[in-house]
Amino acid sequence: MTFFLQMLVTGIVVGSVYALVALGFVLIYKSSDAINFAQGEFLLIGTYVCLTLITAYNIPFAAALLIALMFSAVLGFVIERIVLRPFIGEPVISMIMATIGLSSVLAGIVHIIWGHETRVFPKIFSEQPVNLGEIVIAPVYLWSLLIVVVMLVIFTLFFKYSKLGIAMRATADDQQAAMSMGISVKMIFAVAWAIAAIVSAVGGILLGNINGVNASLSAIGLKVLPVAILGGLDSIPGAIIGGLIIGILESLTGGYLDPLVGGGLKEVMPFVILVFILMFKPYGLFGKKEIERV
Amino acid sequence: MRNPFVMDCGEFHVNYKQDMAIWKITRVRLRVFILLAVFAVFPMFASDYIIGLATLCGIAAIGAIGLNILTGFTGQISIGVGAFLGVGGYTSAILTAKLGLSFWIAMPTAGIVTAIVGGLFGLPSLRLKGLYLAIATLAAQVIILFVISRWDALTGGTAGMVLSRPELGSFVFYSERSYYYLMFVVLVITAIFTLNLFRSRVGRAFIAVRDRDVAAEVMGIDLFKYKVLAFIVSSFFVGIAGALLGHYTMVVSPELYSITVSIEYLAIILVGGLGSVFGSIYGAVFITLLPVVLRSGVEMMSGVFPDLSAVLIGMKEVVFGLVIILFLIYEPQGLAKIWKNIKDYFKLWPFSY
């Protein structure tokens, strides 16, 4: 039972990070109908910038985090403007390939600047484990969970009450109507990309604190796909719930099934779930069903 | 005699037979035969290194034509080609190395097995489209690769398997030159089959599905049947390419079939031209030679910038991504369209108005 709870807690923490990254992913899909295969690279760049600020320039963590997030936002803006703008209204495959090309470019830049070896964050959170009943949790996990929850609350409030958030929801609902009400749709797209870059960077920094930083961190970008699909590509609550489900299932698979098959099943599990979901609910748990007319 | 430098200013067909012909005018047929002859003769004069590169380009072209049938002609995006190549390579490896069958049986069987696997993963395509389907095929990639690297007893796990070169009687295709010809024959058959496929009912149905699947269904095309069929036909050629590649490099292992390979193949058909058989070949040559050219460029510059070779891997990725993005922005129909533009320009040259 202790083992199960331990796995459950790990799953929830990792899943909450997935939820955060998937949120950025869903935002982009909702606003501009694009799947962003470069989400993992956003995460990588944000993390590396934060890490470099801390280790090379000795900036305190909070300040470094803030600068890294600002940098990510600018990066998102610039990329939307230069790379994605020409593809608005183009066929799906163009959009997919454009973000795949983008991810290749960004990954290459990361390789050139930061190389391949794994780096570790300096210890920011205390290492004294926290005992919760029978289970033992590293503080970094608790902090991660806390930060993710705070971010999710901020975004919920943002979408619910701020003018920009409401404009984003309007655009997602109906671009044409939003435009005629005086909303700059291009601006909304740019903001969506900036937010996506920010949440990825936060996710990356949290995971980097847990596992260390190297280029394979960008694999999260692919793992977020099943998360987003599970919840429905255009549903923000779906992304959060999907993230938690996938995180927990992954962790439990890693704990119970991996010893049986010799490891690796953990990485595949999200995709197996994905295939089953797609068979029965092609638009995910909360996704909007498209009605087609000739 | 006609002036050989004068071009027709257009193609005017007056009956159905002319309109349906593969090569619409005799001169085009002549040009194709000359081109074929050039590629058949060129290994006599080229070095082994060049022939090896040409073989790799050709194998990539076979796989790319396969993928183009699915993505370019039928409009079903697949990010799982890498794994399907793997299925082809491993099937051939298991049949030849474990069961001792001949390559000539193993290669078509590899195609058929891959076709079955491809068809299986194509089943969701009825309910899914666009982005959702792309992600379902991504799942296929991850799951197939996992099975390959975990089924130790059959596939040798992460260590991979060693293959031998095919034999014909007492002749073994050891030299680069002989393997080039083997690839060449398969490539020509693939190209001709595909060109003809799109003159038939099935091919036209594929194109109708791509253009507007709901409309196609209204016109009496069984969507499910044709979508799965597209997956099957496409995977067959990808499997053949996988088998050829396996026997060429003489090794198969899971990391050779990663998602990077899938993306490379998508890049090939995109750069070459979606929905174009010859485009797939141009694209295969372009993408296969890109890293080679880049590497020799870096080696040439290494005297001036000695640090350049250290960042070669990163640079490759940047250039690869840039090529994709630039093609998408400036010529979404790829090299095939560029070539057509050049031809069109000279058709009316020098009075192009």
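In this predicted model, helix H3 of chain B (residues 48-73) packs against H12(B), with axes that come within 9 Å and cross at roughly 75°. Since angles of 65 to 115 degrees count as roughly perpendicular, H3(B) is therefore roughly perpendicular to H12(B). On the H3(B) side, the contact is made by B:Ile59, B:Ala60, B:Gly63, B:Ala64, B:Leu67, B:Asn68 and B:Thr71. H12(B) answers with B:Tyr265, B:Leu266, B:Ile268 and B:Ile269. Sorted by class, the residues of this helix pair comprise eight nonpolar and three polar ones, with no charged residue among them.

Attention now turns to the interface with the partner chain. Chain B contributes 43 residues to the contact and chain A contributes 45. Together the two chains bury about 3800 Å², and 81% of that area lies on carbon and sulfur atoms. A trio of residues deserves a closer look here: B:Leu131, B:Tyr132 and B:Ile135 supply 20% of the area that chain B buries against chain A, more than any other three residues.

Polar pairings across the interface can be listed briefly. Between chain B and chain A there are zero salt bridges, while two residue pairs are found in polar contact, both at pLDDT 80 or more. Four helices of chain B each give two or more residues to the side that touches chain A, namely H6 (131-150), H10 (213-218), H12 (259-272) and H14 (312-330). The largest share comes from H14(B), with 12 residues. H12(B) thus appears both in this list and in the crossing with H3(B). By class, the chain B side of the interface divides into 33 nonpolar, four polar and six charged residues.

Key:
Residues are numbered from 1 along each chain as its sequence is written. Chains are lettered from A and ligands numbered from 1 in the order in which they are written. This is a predicted model: local features need pLDDT of at least 70, side-chain atom pairs count only at pLDDT 80 or more; totals for chains, interfaces and linings use all residues. Side-chain values use heavy atoms; hydrogens and water are left out. Contact means heavy atoms within 4.5 Å. Buried area is the accessible area (1.4 Å probe) that two parts lose on being put together, summed over both. A salt bridge is a side-chain nitrogen of Lys or Arg within 4 Å of a carboxyl oxygen of Asp or Glu. A polar contact is a pair of N or O atoms within 3.5 Å; within protein, one must be able to donate a hydrogen and the other to accept it, and residues adjacent in sequence count only if both atoms are side-chain atoms. Ala, Val, Leu, Ile, Met, Phe, Trp, Tyr, Cys and Pro count as nonpolar, Asp, Glu, Lys and Arg as charged, and the others, Gly among them, as polar. Axes are lines fitted to C-alpha atoms, for helices over the stretch in contact, and angles run from 0 to 180 degrees between N-to-C directions. Angles under 35 degrees count as roughly parallel, over 145 as roughly antiparallel, 65 to 115 as roughly perpendicular and the rest as oblique.
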